[in-house]
Amino acid sequence: MNKKSILVALDFDNKDAALQLIDKLDPNMCRLKVGKEMFTLFGPEFIKEIHQRDFEVFLDLKFHDIPNTVAKAVTSAAELGVWMTNVHASGGLAMMQAAKQALEAYGDKAPILIAVTVLTSMSDDDLKLIGIDVPAFEHVQRLAALTKEAGLDGVVCSAHEAKVLKSKLGKDFKLCTPGIRPVGADKGDQHRVMTPPQAIEAGSDYLVIGRPITKADDPLAALKAIHESLS
Ligand SMILES: O=C(O)c1cc(=O)[nH]c(=O)n1[C@@H]1O[C@H](COP(=O)(O)O)[C@@H](O)[C@H]1O
């Protein structure tokens with residue numbers, strides 16, 4: 001497994017605290033995920049500061065809007081030079097196709113484009129409450145197949161779905177899995193979790209890991225321990 005397949009989720013409300021953490025990490029051992037909280041607070045400037053430190057960025061803004069708006073949003077992400085970005089698969093086929101098409105102009109400089117299937121914080125009961133009467137496991141497969149049909153590079157899913165998605169959608173279809181918890185780590189608000197070795201064994205390509213690294217007393221040691229558990 002490529003060491004940079006670990007994507008450290010930066011969920012901070014304070015830029016200095018985030019930069020202090022980043023300066024403890026190694027760009028050869030991980031990539032960084034910037035989500036809605038930090039991007040809303042600190043904007044594109046923050047992405048540039050991360051790039052100056054040689055880290056690649058997964059811009060996790062989970063776009064979900066009409067096709068034209070999402071196409072413009074992923075274009076803006078490409079202009080920022082991020083390594084990967086994402087949309088919600090439930091935004092539909094036309095929306096995902098528009099996003100993919102908008103990135104064609106960037107050739108091999110285009111960010112990897114993936115789609116969120118069912119959030120790892122959602123249980124089957126949560127899905128029922130929004131009118132989806134099939135289990136998460138089934139709904140994820142439906143949305144992942146739609147994502148592939150739209151020509152995207154992969155999906156965000158829980159590692160519990162990785163095995164079936166790899167076998168149905170092929171090895172080149174990337175699986176990015178949050179909800180990763182090393183043995184003994186607190187689950188927090190995540191429902192569908194797996195350990196790093198279990199997730200890789202199941203077929204995950206990228207592991208999104210936040211609090212088990214960012215809240216550790218020694219984040220680099222926590223990152224290294226995860227790498228060791230995978231070697
Ligand atoms: O797209 C994501 O990254 C994502 C999708 C999902 O289904 N579940 C999920 O937890 N995430 C993100 O993954 C990160 C997980 O962080 P921790 O729970 O602290 O490891 C957070 O930044 C979430 O926003």
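Tutor: A residue counts as buried if 20 or more other C-beta atoms, placed from the backbone, lie within 10 Å of its own (exposed: 12 or fewer; partly exposed: in between). The model is predicted: local features need pLDDT of at least 70 and side-chain atom pairs pLDDT 80 or more, while totals for chains, interfaces and linings use all residues. Residues are numbered from 1 along each chain as its sequence is written.

Student: Which residues of helix 6 are called buried?

Tutor: In helix 6 (residues 136–149), A136, H139, V140, L143, A144, T147 and K148 meet that criterion. Helices (H or I, at least four residues) and strands (E, at least two) are DSSP runs, numbered from the N terminus.

Student: What covers the buried residues of helix 6?

Tutor: The cover includes helix 4 (93–103), strand 5 (112–116), helix 5 (124–129), strand 6 and helix 7. Contact here requires C-beta atoms, placed from the backbone, within 7 Å.

Student: How do you know that the end-to-end span of helix 6 agrees with its 14 residues?

Tutor: The expected span is 1.5 Å times one less than the number of residues. For helix 6 this gives 20 Å, and the end C-alpha atoms are 20 Å apart, so the two agree. Just after helix 6, G151 has a positive phi of about 90°.

Student: What makes strand 6 and strand 7 a pair?

Tutor: Two strands pair if DSSP finds at least two bridges between them. Strand 6 (residues 154–156) and strand 7 (residues 174–177) share three bridges in the parallel sense, and therefore qualify. One of the bridges joins G154 to K174.

Student: What makes strand 7 and strand 8 a pair?

Tutor: Strand 7 and strand 8 (residues 206–209) are parallel, with two bridges, and so they also reach the threshold. Here C176 has Y206 as its bridge partner.

Student: Why is the unit of strand 6, helix 7 and strand 7 called right- or left-handed?

Tutor: A crossover is right-handed if, with the strands pointing away from the viewer, the path from the first strand over the helix to the second runs clockwise. The β-α-β unit of strand 6, helix 7 (residues 162–169) and strand 7 is right-handed. Strand 7, helix 8 (residues 196–202) and strand 8 form another right-handed β-α-β unit.

Student: In what order do the eight strands close into a barrel?

Tutor: The barrel order is 1-2-3-4-5-6-7-8, with parallel pairing.

Notes: Two residues are in contact if their C-beta atoms, placed from the backbone, lie within 7 Å.
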